[in-house]
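What open space does this protein offer, and which parts of the chain line it? The account below goes through the pockets in turn.

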Amino acid sequence: MNLQQEARQMADYYINNPKLEVLFLGGSVSRGWEDRYSDIELFLLWKEPPTDEERQSPIRKAGGEILSFYPYEDLEWSETYLVNGTKFEISSFLTKTVEQFIQDMKNGDLSLEKQCLIGAVADGKPFIGETRFQEIYDRVFPYPERLKKGLIEQAFEFGGPWQSREALIDRGDVLLFQKTLADIGMKLMLSLQALNHQYIHHPGMKWLKETSDRMKWKPDRFYERMTTVFYADNPTERIRVLEQLIYETGQLVQKHNPGLDLTAHMQQAQANRPGVKPS
């Protein structure tokens, strides 16, 4: 039995609760990206708040072992459990919360936490409440233009440590250097996912290769070059590759969004910190 089949089997333990409007599969399994490290992510949308018993009863019926069980916080109920050696991660929301998040995205809200939930809907596979799920899904697209513009403008800021990249290398400040590279890589991914009308599915940009493979517009050999940025031995080579990726990403964004002027941002990205004395 594969993980999708296990997920569907587990969904059957929730099916008779009239308060539950939708149960859908999310995460890597819903996208067909799962590997031996993957768990099963189920998202439950409720008409009204579930009781602890309503959350625990399906786990008991499946013979599961609860690993964590959290009360309502940050608009979510969550728990994790094992069933026959497979880990399940459950995220429960009121349906009206998800609908509000969708409206927030349309209004230009840049919250990655909200967007990750919408990203789960965008790639979700419903097991309970298919019709209701489709109604919610239909509100997710088309991808909001205000969200795209806001994310790109926010991401294309390259001040701070990036402008001190040469100094970080010369000083051997390896921790801040690595963090700076990662921060810039995140900015590029945010920009490219917005450009390609892809909702963010994880705030840490998990599944980088698979996510970039989905993109229609991206720099040539994007994933391979990003790998060079983080694994090449020569730190100067790493920043040169990243400088070029910033430039090419900016060119793509402006080509497909002529109303966005990133000229000043791209100049900032190529500049070094002012006031540096000659060596």
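In this predicted model, the largest pocket holds about 930 Å³ of space. Its lining is made up of 35 residues, and those closest to the pocket centre are Glu-41, Phe-43, Glu-89, Ser-91 and Cys-116.

Both helices and strands contribute to the lining of the largest pocket. The helices that supply at least two residues each are α2 (27-31) and α5 (112-122). The strands that do so are β2 (40-46), β3 (65-73), β4 (76-83) and β5 (86-94). The largest share comes from α5, which gives five residues to this lining. Sorted by class, the lining of the largest pocket has twelve charged residues, ten polar residues and 13 nonpolar residues.

The second largest pocket holds about 220 Å³ of space. Two helices, α9 (174-195) and α11 (222-231), each supply at least two residues of its lining. Of the elements involved, α11 gives the most, with five residues.

The residues that line the second largest pocket can be followed along the chain. They begin with Ala-182, Gly-185, Met-186 and Met-189, continue with Gly-204, Met-205 and Leu-208, and end with Tyr-223, Met-226, Thr-227, Phe-230 and Tyr-231. By class, nine residues of this lining are nonpolar and three are polar, with no charged residues. The lining of the largest pocket, by contrast, includes twelve charged residues.

Notes:
Residues are numbered from 1 along each chain as its sequence is written. This is a predicted model: local features need pLDDT of at least 70, side-chain atom pairs count only at pLDDT 80 or more; totals for chains, interfaces and linings use all residues. Side-chain values use heavy atoms; hydrogens and water are left out. On a 1 Å grid over the protein atoms alone, a cavity is a set of points where a 1.4 Å probe fits but cannot get out, and a pocket is an open set with protein on both sides within 12 Å along at least five of seven lines; lining residues have an atom within 4 Å of a point. Grid points are joined across faces, edges and corners, and a volume is the space filled by probe spheres set on the points. Helices (H or I, at least four residues) and strands (E, at least two) are DSSP runs, numbered from the N terminus. Ala, Val, Leu, Ile, Met, Phe, Trp, Tyr, Cys and Pro count as nonpolar, Asp, Glu, Lys and Arg as charged, and the others, Gly among them, as polar.
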